[in-house]
Amino acid sequence: MDMGGIDMNTMPHELAVGGVYLPPLLVAATLGTIAAVLTALFLNRIRLSKYFFYPPFVFLAFFIIYTVLLGTFVVRI
Amino acid sequence: MSLSITAKESIKTALAMTLSYGIALSLGWDKPYWAGFSVAFISLATSGQSLNKGAYRMLGTLMAGLVSLAIIALSPQSRWLFITLLSAWVGFCTYMTWGKRHPVFWGYSGYVCAVVSMAAGPDPVNAFQTAVLRAQETGLGILVYSLVAMLVWPINSRPKFEAAAAKLASTQQQLLKTSLEWMAGKGDPTTVQQLRGREMQEQKQFVQLFAAAETDSYEIWELRHHWHSYQHLVAELSEAMARWRENLTGTQTLDLPGLMPNLSSFAAEIDGRLTQIGRMLANQEPGQQPSAVDLEIDDTKVVHLSHFHKAALTVIRDQLRRMESLTRSLFHSAGYIKGFSPAAPELDDRPPVTEGFGLPDPDRAAGAVRVMLIMWIAYLGMIYVDRFPAGPDAVAVAGTFGLVIAGIPQVSIWLLFLPAFLSTLVSGLIYFLVMPQLSSFLGLGALLFGVTFAIYYLLAAPRLNVAKLLAISMFMTVISVSNHQTYHFLVVSTTALMLPVVFICMGVTAYFPVDLRPRQSFLRLRGRYFRSCEYLMDALRQDPQKSESRLARLKKAFHLREMSSLPTKLGVWSRVLSMKALPGTSPQQITAMVTALQGLSYRMQQLVEDRSHPQAPFLVQELRSDVAAWGTKMTEAFRCLAGEPSVEDQNIFHKELTGIMERLNMRIEETVDKAAGNITGRDGENFYRFLGACRGVADALAAYVASAGAIDWAPWREERFY
């Protein structure tokens, strides 16, 4: 069908999991949280976290960055 | 086959739950799970505790109903004023909940107010009906559970309470015996520490069971003033013994049996009294009455001692005399309570000076601010985020959970998330797969009974209390029983989505504005401890004979309470420290440091008390500058330790401390020689008491510096994500 030049794959759309439609932002935020937790664990392990002034702020920043990146390039929010 | 107590209590809760739902449904009440919540929250270990909690909960609910209506009436069409008033009230209730006076009443005043206001606030037309319905349902749950508790397998707290009292007396006797052996150089300090830990735990249990037995046992209620007095005497004896043990370190080089010739008979008398108290509490007649005994001092040997040793001896003698006086009072108190002594002893139920409404508690205040912040974050989310899961209910749930966790900041909220989330999923399965098959209350009742029993039976351990309450709350919320039962996927999905939102609100407040990570909290409390020591040491420079202003008295009482309570709080935080992230520190080192702080607290308290005694003017004049120099050194050390956990160079610190103590000793020698005959017996005793207290503080500080110096503090300062 002609959509006037709009690519349906780049449109924000809900994700169906077992027949349940999930909002894309929820999926991106969940993945963003997991990625931020993994990054924080890794930085703790290699003791790079000591260079941050206040790691909870850094965690928040990681969460936002990952959510935006995943939302923009993977989940399409 | 006989059922275990856990099984019986689970059956009682499950029965009360089923009956509450049944009655609420038959009366056509909306949201009958409020009655269920009431049952779930008041069902504790014994009927006494539950009745007590039930009465307070009912009063708290009534208070919450009134406050909710007042908040709604004061803030019509004004959402910011509404949340300001509501969060302020919940914050105030949180502060009061974690205090000692009527915690259950304040807890439910806050929790029910959040629930009623958030249910009625957005719908002010029905606010009154909503508030009344919540109060009715809460009352129904309390009434049903109370009746079930009284009629089905009633548990009377009295035997448990009396057994706890006897056990505590026996532990105190063992502790005294082991400490005496240690004083004689035979005992093991580890056993003393273990017994001390047991004594503190049993004291806590004694207080809890007393509150329960007072409610469900007429015999205990009748003698409650005497039991209160007994409780205070036990606490005072416990502290007196702890202070005595702390001071024993200063007398290790002394021949105490030689200096106090009747020490062994004196100790045997105290030991015998504790044995008789144990007998009386076990309803056996005492074998002997307390006999008059005083601790004698061999003056011919004492004259050869240094002034510091004389001071240490005076302190030890005072404390042993205090223990003698307390055991005598305890003996008479136990004798009267158990009917072995006809004369009523004088009652001692004065509250401790350091407890009072006027003294702010920083930790409770931080908890109150945390709850207010949690509610504000959830409320802002509800207003500004489109389709915020569960809307007003999320704010109410956030406030309720916040109130629960505010007093236990050391518990990681992420550990609570898993049981809450799992129970939501399991409840969702029951909601979709089981509930549609039910066609009458018989089936629903069996389901409610079975699930409640399973949750209460499987999660019966006290450490699982929060998980148990979360599981039952989620179950009742998800199945959302009503007379016109509907099934909708959104019920489960909304609850499941609400949970992460609520936990995120709580999680944010674990880092802002107060960082509640264990390591940071431990360091912060340690700093606070030394700031209080610094204040008290600085305040000691004031002339004790001059009257203090009310503000100065309050400040002193505040810092005294901080100093005496912070080692216990540090002990609690030390148990949740991640040792993997702290290489160079062992749990034993942390325990030793906390024990050293506890010892320093006792010595500082002793110093503050002894400073108030009048001193001979001649001694004051002669030694003023030397004592002031000692005080300045101590204040500086406390100031330094408030900032850094340990001193830079232990050797220099010890050298300076020893130097200043030696100078003081020398000046005392000169002054006493000069004074020859000008110092009366009482002045001399007061002087040696004060000197002993000064020496005690210096020794305890040195012990802390040694224990803190053994720890590698660099990893403690290193920032980490968790």
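Student: Is the crossing of H7(B) and H10(B) left-handed or right-handed?
Tutor: Left-handed, meaning the near helix is turned anticlockwise from the far one by less than a right angle, while clockwise would be right-handed. This is a predicted model, where local features need pLDDT of at least 70, side-chain atom pairs count only at pLDDT 80 or more, and totals for chains, interfaces and linings use all residues. Residues are numbered from 1 along each chain as its sequence is written, with chains lettered from A and ligands numbered from 1 in the order written.

Student: Cool, at what angle do H7 and H10 of chain B pack?
Tutor: About 15°, with axes 11 Å apart, for H7 (residues 157-183) and H10 (residues 224-248). Axes are lines fitted to C-alpha atoms, for helices over the stretch in contact, and angles run from 0 to 180 degrees between N-to-C directions. Helices are DSSP runs (H or I, at least four residues), numbered from the N terminus.

Student: And which residues of H7(B) make the contact?
Tutor: Among them are Leu168(B), Gln172(B) and Met183(B); contact needs C-beta atoms, placed from the backbone, within 7 Å.

Student: Switching topic, how far apart are the axes of H4 and H16 in chain B?
Tutor: They are 9 Å apart, at an angle of about 30°. H4(B) and H16(B) are therefore roughly parallel (under 35 degrees). Their crossing is right-handed.

Student: Which residues of H16(B) touch H4(B) there?
Tutor: Gly399(B), Leu403(B) and Ala406(B).

Student: Last one, how many residues does each chain give to the contact of B with A?
Tutor: Chain B gives 6 residues and chain A gives 9.

Definitions and conventions
Two residues are in contact if their C-beta atoms, placed from the backbone, lie within 7 Å. Helices (H or I, at least four residues) and strands (E, at least two) are DSSP runs, numbered from the N terminus. Angles under 35 degrees count as roughly parallel, over 145 as roughly antiparallel, 65 to 115 as roughly perpendicular and the rest as oblique.
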